[in-house]
Amino acid sequence: MKPPSMSETDRLLQCSYPWGFDRGSSADASSSAATFGTAFHEVMATLARNLTADPKAEVKKAAGKHSVDAEDLKTRVLDARIVLRQWMDGKNPWSQKLSVKAVEKSIAFHVVRRTVRKIKNPTEDTHEYLDIEKNEFPGTVDLVLENRNRTVVLDYKTGFDVSYPDRSGQLRSLALGFRSHREMVLAFLHAPSHSGPVIYAAEINDETLIKHKDAIAKAWDKIGDGSLRPGPACAYCPAAQQCPLNANNLVELKAKGDLTAARVGQIHETLGAYDKLAKMLRERICGYVRANGPVQRPDGKILDFVTRPFSNLSGASIKRALGEVEGAKMLELLEKKKCIEHGEREELRAIAEGIK
Ligand code: SF4
């Protein structure tokens with residue numbers, strides 16, 4: 001299963017549920033907006049690495065490669081480049097020059113050891129980090145700027161809007177890889193289609209970043225435990241279709257009319273997610289009753305463990321096949337030859353009404 005990455009920090013901090021299942025974080029469909037963003041990032045990275053690169057030629061190359069609107073890409077890249085250069089030249093809140101320290105660098109935060117290391121960039125096609133270890137939370141920073149006093153962790157955004165940079169989980173996570181004695185600044189360079197580019201920047205203190213580490217570790221621990229936390233991230237959750245909180249999903253799937261191949265696939269996938277959740281919840285309530293004793297259900301029945309005998313052979317099926325008399329003889333013979341194993345097992349059952 002693809003683990004969460006730092007670009008998904010805000011979603012992870014709200015609700016770990018989508019990463020507890022196979023579908024999880026890999027369900028991010030590549031939209032045209034996302035493809036445009038990839039092209040934009042690619043050109044900006046090339047221009048930051050190579051100051052003599054021809055912006056128009058780079059735009060043309062990226063627009064062809066990703067099949068995006070070349071004019072739109074050109075406008076946004078050229079404008080963003082001017083704004084960024086001016087900002088680096090001192091047109092920023094501190095009136096200080098900044099220089100490039102890193103371009104498109106990937107890091108991984110180990111959520112158990114609480115350490116950060118540099119890793120290889122993700123694959124271009126599937127965006128997978130191939131060299132991460134278990135419990136590592138990877139991410140790629142677009143640009144790191146620096147001067148004597150400050151380190152700026154900056155991310156490019158081409159969508160409709162951006163959040164406050166110092167509240168962005170993604171930027172806080174990326175900043176973990178670049179903490180130093182300098183003042184830490186988190187920034188977005190926002191280059192939307194509807195208006196000119198703007199850089200939003202805010203300082204963040206080390207204490208907040210340390211708390212952020214704890215928050216990630218806590219959310220990471222919840223992956224796979226079936227817990228759900230609805231909130232703003234539900235609006236762009238890739239597991240929303242399977243989320244049990246959308247309880248009307250099953251009703252909706254039933255009500256949609258005639259079956260089609262597509263609907264059968266969708267229903268099967270959704271039922272799979274519900275089955276996994278049901279199994280997980282059964283295990284959890286078994287653990288609770290084992291530790292705390294019987295509980296009463298809302299219908300008044302008592303939920304407790306009962307011990308039931310079992311054997312590894314179905315006597316009923318032998319009697320059905322051979323008839324009552326012959327079947328009984330066969331069972332007797334099998335018993336004598338010790339072909340049938342017997343045992344006992346505990347099952348959680350609703351066994352009575354009313355707590356004594
Ligand atoms: S839709 Fe469900 S799984 Fe997705 S974030 Fe919301 S609560 Fe979590």
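1. Start with the two helices α2 (residues 32–49) and α4 (residues 70–88). Their axes come within 10 Å and cross at roughly 40°, which makes α2 oblique to α4. Oblique here is what remains once angles under 35 degrees (roughly parallel), over 145 (roughly antiparallel) and 65 to 115 (roughly perpendicular) are taken out. Axes are lines fitted to C-alpha atoms, for helices over the stretch in contact, with angles from 0 to 180 degrees between N-to-C directions. The crossing is right-handed, meaning the near helix is turned clockwise from the far one by less than a right angle.

2. A word on provenance: this is a predicted model, with local features needing pLDDT of at least 70 and side-chain atom pairs counting only at pLDDT 80 or more, while totals for chains, interfaces and linings use all residues. Residues are numbered from 1 along each chain as its sequence is written.

3. What fills the helix contact? From α2 come Ala39, Phe40, Val43, Met44 and Leu47, and they meet Leu73, Arg76, Val77, Ala80 and Arg81 of α4. Contact means C-beta atoms, placed from the backbone, within 7 Å. The tally is eight nonpolar, no polar and two charged (Ala, Val, Leu, Ile, Met, Phe, Trp, Tyr, Cys and Pro are nonpolar; Asp, Glu, Lys and Arg charged; the others, Gly among them, polar).

4. Now the sheet: six strands, open, mixed pairing, in the order β2-β1-β3-β4-β5-β6. β2 (115–119) and β6 (198–204) are the edge strands with a single partner each, so one side of each has no neighbour in the sheet. The twist averages 40° from one strand to the next. Pairing takes at least two DSSP bridges; helices (H or I, at least four residues) and strands (E, at least two) are DSSP runs, numbered from the N terminus.

5. Two pairings to look at. β1 and β2 are antiparallel over five bridges, with Ile107 opposite Lys118 in β2. These two strands make a hairpin with four residues between them, and Arg114 in the turn has a positive phi of about 60°. β4 (residues 150–157) and β5 (residues 183–190) instead pair in the parallel sense over eight bridges; Tyr156 has Leu189 in β5 as its bridge partner.

6. Back to α2: this helix also lies across β1 (99–110), β3 (136–146) and β4, running at about 125° to β1.

7. On the overall layout, the protein is divided into domain 1 (6–221), domain 2 (241–288) and domain 3 (295–353), with bounds from an automatic or database domain assignment. The C-alpha centres of domain 1 and domain 2 are 35 Å apart.
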